[in-house]
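Student: Please take me closely through one part of this structure, and then follow it outward into its surroundings. I am new to this, so please explain each term when you first use it.

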Amino acid sequence: MSGKGMKRLRRNIVGALTALSLVLCLGSMLMWVRSYWVQDSVRWNNRQGKETTIGSSRGKLGIGSFTALTAENKSASRPFYKRDKPSDLDWSTIRAAQVNRTFPGGRYLSRKEKGFEGRGLLLSFPLIVALTGLAPGILAGVHARRRMIHGRRVRLSRCADCGYDLRATPERCPECGAIPAKAEA
Ligand SMILES: [Zn+2]
């Protein structure tokens, strides 16, 4: 693959990942707002009687996995969706945890004893929105800056790509070979 093709491929991959990140960011914003009216959760049991749940409530997203506590929860099940009133998602079953680590924007809990094993990760939506919004934000900033530099160069009759003075050669940049948009039209 040529250097140029490689560069384009890399730019496409970065673009796709950034777009995905933006979608996740916007989705998290919606979930963040929604989480104050509705608690959404999806849960399922695996064959070992472990229950896994992913839920959003009161500004937080939680992912937890526990030893099923009731007999009816011990059989394997497909994921099912449940809608509740918002709660604190504090997982009282593992709150009496041996590990209870708080970090900016989140908390990790785990508890292991005879007959019970559970762990959970709570992340605040502001943290998720900030993390997923980082790449799109940087890319938008880079683009805005590039547009600003190009605009200023064009106003000063310089090459938009390399900044070379084009007053003597307005139809083609002698430095980098770029054809100014004005000359193209
Ligand atoms: Zn140039």
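Tutor: Let us begin with a hairpin, that of β5 and β6, which has two residues between its strands and in which G105 takes a positive phi near 85 degrees. Helices (H or I, at least four residues) and strands (E, at least two) are DSSP runs, numbered from the N terminus. Residues, for their part, are numbered from 1 along each chain as its sequence is written. What you see is a predicted model, in which local features need a pLDDT of at least 70 and side-chain atom pairs count only at pLDDT 80 or more, while totals for chains, interfaces and linings use all residues.

The two arms of this hairpin, β5 and β6 (residues 106-113), pair in the antiparallel sense over five bridges, where pairing requires that DSSP find at least two bridges between two strands. Along these arms, T102 stands opposite R107 of β6, and N100 has L109 of β6 as its bridge partner.

From the other side of β6 the picture continues, for β6 and β7 run antiparallel and are joined by eight bridges. Here R111 stands opposite G118 of β7, and E113 stands opposite F116 of β7. These two strands also form a hairpin with two residues between them, and in its turn G115 has a positive phi of about 85 degrees. Moving on from β7, we find that seven bridges join this strand to β3, again with the two running antiparallel, and that G64 stands opposite G120 of β7.

Seen as a whole, the strands make up an open sheet of seven, ordered β4-β1-β2-β3-β7-β6-β5, with antiparallel pairing. The strands at the edges are β4 (80-84) and β5 (99-103), and because each has a single partner strand, one side of each is left without a neighbour in the sheet. From one strand to the next, the twist averages 10 degrees. Against this sheet packs α3, which touches β3 (60-67), β6 and β7 (116-124), and whose direction makes about 65 degrees with that of β7. Contact here means that the C-beta atoms of two residues, placed from the backbone, lie within 7 Å. Axes are lines fitted to C-alpha atoms, for helices over the stretch in contact, and angles run from 0 to 180 degrees between N-to-C directions.

The helix α3 (residues 125-155) has a further partner in α1, and the axes of the two come within 8 Å and cross at roughly 150 degrees. On the α1 side the contact involves residues including L17, L24 and W32, and on the α3 side residues including F125, I128 and L139. The residues of this contact divide into 13 nonpolar, five polar and no charged; Ala, Val, Leu, Ile, Met, Phe, Trp, Tyr, Cys and Pro count as nonpolar, Asp, Glu, Lys and Arg as charged, and the others, Gly among them, as polar.

Within α1 (residues 3-34) lies L9, which is exposed because 11 other C-beta atoms lie within 10 Å. A residue is exposed at 12 or fewer such atoms within 10 Å of its own C-beta, buried at 20 or more, and partly exposed in between, with C-beta atoms placed from the backbone.

Two loop residues deserve a look as well. R58, in the loop between β2 (50-57) and β3, has a positive phi of about 45 degrees although it is not a glycine, and it counts as partly exposed because it has 15 C-beta neighbours inside 10 Å. S157, in the loop between α3 and α4, is likewise a residue other than glycine with a positive phi, near 55 degrees.

As for confidence, the protein chain averages a pLDDT of 88, with 95% of the residues scoring at least 70; pLDDT is the predictor's confidence in each residue, from 0 to 100. Among the elements of the chain, α3 has the highest mean pLDDT (94) and helix α4 (residues 181-184) the lowest (63). Where pLDDT is low, the predicted coordinates should not be read in detail.
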